[in-house]
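Q: I'm new to this one, and I'd like to learn how to read its main features. Can we go through them step by step?

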Amino acid sequence: ADGFEVPSVLTLPPGREPKSLPLVVLPHGGPAARDTPDFDWWAQALASRGYAVLQPNFRGSSLSWRFISAGFGEWGRKMQTDLSDGVRHLASAGTIDPRRVCIVGGSYGGYAALAGAALDTGVYRCAIAVAGVSDPGRFLAWADYARGRGDGRSMRWWQRFMGASGPKDPSLAAISPVQHADAVTIPVQLIHGKDDTVVPFEQSEAMYRALQKLGKPVELVALKHEDHWLS
């Protein structure tokens, strides 16, 4: 919406006219990673079931340093609206049905799925977060502790993306899905490996408890002996 071009990969279901299709928005993890037209088993599996699949290289993606740096301070902000702008673009072209859009993602993509439900509301009919971050402040505190409180480079990297000075920065509340659970109006599914050492299982537990307490439709799928990558 602000003129920043977001290169994206669109996978269409075989044998169907690309018109008024149900859509799955599938943001990648990282967030400093990228999607390419190479084979992607998540996208292909979804497309084989009749869904169009949109994989936007939102700002913060590793297409170039310009793209990465454009994401600094944009967690839950422009990195999020880059995704919903893609939905609006496909809807205006008639390719997808805007009433049938779900957001699905793993790791940072899981955060984006939860943010789509709690922060950028009115776009999606459901959200599925696989090993997603629900509480950025709690995640920063855990990451600092897990790395022995000595890896300043890693912490600065996360803080730069989140636009925060540390785990207790009050600005993190604005981009925390768990703190905006009351705004969720769509079904949410949380999938997380119990042995995840990248994003701790407690991140999905916290979101589950918050939504359940409010009587929101939510399901937690806990995977025993599973890691961050569904290995």
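Q: What radius of gyration does the protein have, and what would a compact globule with 231 residues have?
A: The general idea is to set the model's value beside the one expected for a globule with that number of residues. This is a predicted model, and its radius of gyration is 17 Å, which agrees with the value near 17 Å for a compact globule of 231 residues. Along the principal axes, the C-alpha atoms fill a box of roughly 55 × 40 × 35 Å.

Q: How many helices and strands are there?
A: You'll find seven helices and seven strands. Walk along the sequence and the pattern goes β-β-α-β-α-α-β-α-β-α-α-β-α-β.

Q: What share of the contacts comes from residues 24 or more positions apart?
A: Here you look at contacts with a separation of 6 or more, and residues 24 or more positions apart account for 74% of them.

Q: What percentage of the residues is buried?
A: Buried means under 20% relative accessible area. In this protein, 52% of the 231 residues pass that test. As for the accessible surface, it comes to about 10,900 Å², with 51% belonging to carbon and sulfur atoms.

Q: Why is helix H4 described as largely enclosed by the rest of the structure?
A: Count its buried residues: eleven of the eleven in H4 (residues 108-118) are buried, so the helix is largely enclosed. Among them are Tyr108, Tyr111 and Leu114, along with Gly109, Gly110 and Gly116.

Q: How many positive and negative side chains are there?
A: There are 24 positive and 23 negative ones, and the centres of the two sets lie 3 Å apart.

How values were computed:
Residues numbered from 1 in each chain as written. Predicted model: local features only at pLDDT ≥ 70, side-chain atom pairs only at ≥ 80, totals over all residues. Heavy atoms only, no water. Helix = DSSP H or I, 4+ residues; strand = E, 2+ residues; numbered from the N terminus. Rg over C-alpha atoms; globule rule 2.2 N^0.38 Å. Buried < 20%, exposed > 50% of the residue type's maximum accessible area, 1.4 Å probe, protein only. Contact = heavy atoms within 4.5 Å. Areas by Shrake-Rupley, 256 points an atom, 1.4 Å probe, with all protein chains shown as cover. Lys, Arg positive; Asp, Glu negative; His and termini not counted. Charge placed at Lys NZ, Arg CZ, Asp CG, Glu CD.
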